[in-house]
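Colleague: Got a minute to go through a model with me? I'd like to ask a few things about how it's put together.

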Amino acid sequence: MRIQDIRATTVTIPLEAPLRHANGCHWGRFVRTIVEVETDDGLVGLGEMGGGGESAESIFRAMKSYLVGRDPSRIEEMRFLIANPSASLYNNRTQVLAALEFACLDILGQAWGVPVSEILGGRLRDRVRFASYCFFRYPNPQTGGGEVRTVEQLVTHTAELKRRYGFTTHKLKGGVFHPDYELEAYRALAAAFPEDSLRFDPNCVWSTEQAIRFGQAIEGLKNDYLEDPVFGLNGMRRTREMVRVPLATNTVVVNFEQLAANALDTAVDVILLDTTFWGGIRACVKAAGVCETFQLGIAVHSSGELGIQLATMLHLGAVIPGLSFAADAHYHQLTDDIIEGGPMKYENGSIRVPDRPGLGVKLDRDKLHKYNELYKRLGNYPYDLDPARKGWTPLIPNDRWADPKDDRPVPVPF
């Protein structure tokens, strides 16, 4: 087989409601780039990358000069060809590499008649558990529903997610309001779901002192971990010395150099492996092996996936032995998907690992066209800006918190 063509299409998929986070907001939708790699014998492999538009699509068009005519099974050669680490000061193509790796693994699975998980060593589990990924949310601009701003709304929303999907682990994305308010909200979740485990993520915007204060205040709860309370390995190390809750990250240990530093002088207990951020599924499997050697915990991180990347997360979760935590996914926040059959289904808080050859998902061409047209109409959105807080930007550590009493209408294009 030889790679014959590479195509990229940007889509935008609506969310149930705009998702607030420490650095801004997802403005009611996700923007993703769908990648297709075609071989000379007609097989088409699928990849996915966050963000999109002409700049993203042009990157993948440029990759044709690197990859057309090459064997899609030589993925390790592809890594050095397009993402050589010594060239990363000029061209950081880690996420581009990941999307192309997804597609090449999909091609190989189809050619060999096996799921990607079998190429990666064989699955250890047929289902992957997920956490309810709970956000503070602005109201849906079309319906006015879906707001999560008050503690009561948060508990009600989480209860509905548990009822619909069967989640028994609940993750709260914080860093939006003052830590004292979010501590009240987190404690309310613990009280409402005493049998379930919890995790909290303020996206690195606290000072080390705030992190220690919050972390010590939740020590008696049923915590999985406290995720990214501060930015930087030394801040995490200082927090870890003072808090008896495991610390996790998808921010300060996101490559092998940082993983080595953390293994030599531990600052983080649980490494959140992201198939995009680490440069592919194979890199995550490799990192999981290092974590196993050094007795570090692992979990599967979410970066705003559609069904293609979700499939990569499922195949990853199927093959790594040390996956003792429920995975993260934004997936249940979406209203639709671009894969055949519609969104994958949750059952008792888990999703079945695809068992068809390759990644096990196919494009719904009508949906691809529909959401490409929606992207063309709406364009990108500024992830690091808040539509209700004109001129605002967070500091690190932050002291510019949103007001939980502010219920003004929010202008979000939809």
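Colleague: Which residue in β4 is the bridge partner of Thr 9?

Modeller: Keep in mind that this is a predicted model. Strands β1 (3-14) and β4 (residues 29-39) pair in the antiparallel sense, over eleven bridges. Within β4, the bridge partner of Thr 9 is Ile 34.

Colleague: And in what order do the strands of that open sheet come?

Modeller: Look for the edges: β1 and β5 (44-50) each pair on one side only. The sheet has three strands and the pairing is antiparallel. So what's the order, given that two strands pair if there are at least two bridges between them? It's β1-β4-β5.

Colleague: Helix α12 packs on the sheet too, so what angle does its direction make with that of β5?

Modeller: Start with helix α4 (residues 94-112), which lies across β1, β4 and β5 and runs at about 155° to β5. Helix α12 (residues 307-319) touches β4 and β5. Its direction makes an angle with that of β5 of about 95°.

Colleague: How many disulfides are there?

Modeller: A pair of cysteine sulfur atoms has to be within 2.5 Å to count. The sulfur of Cys 104 is 16 Å from the closest cysteine sulfur, in Cys 284, which is too far for a bond. Cys 284 is in no disulfide either, as the nearest cysteine sulfur, that of Cys 291, is 10 Å away. The count comes to zero.

Colleague: Is Cys 104 buried or exposed?

Modeller: Buried means under 20% relative accessible area. Cys 104 has 2% relative accessibility, so it counts as buried.

Technical notes
Residues are numbered from 1 along each chain as its sequence is written. This is a predicted model: local features need pLDDT of at least 70, side-chain atom pairs count only at pLDDT 80 or more; totals for chains, interfaces and linings use all residues. Side-chain values use heavy atoms; hydrogens and water are left out. Buried means under 20% relative accessible area, exposed over 50%, partly exposed in between (1.4 Å probe, protein chains only). Two strands pair if DSSP finds at least two bridges between them. Helices (H or I, at least four residues) and strands (E, at least two) are DSSP runs, numbered from the N terminus. Contact means heavy atoms within 4.5 Å. Axes are lines fitted to C-alpha atoms, for helices over the stretch in contact, and angles run from 0 to 180 degrees between N-to-C directions.
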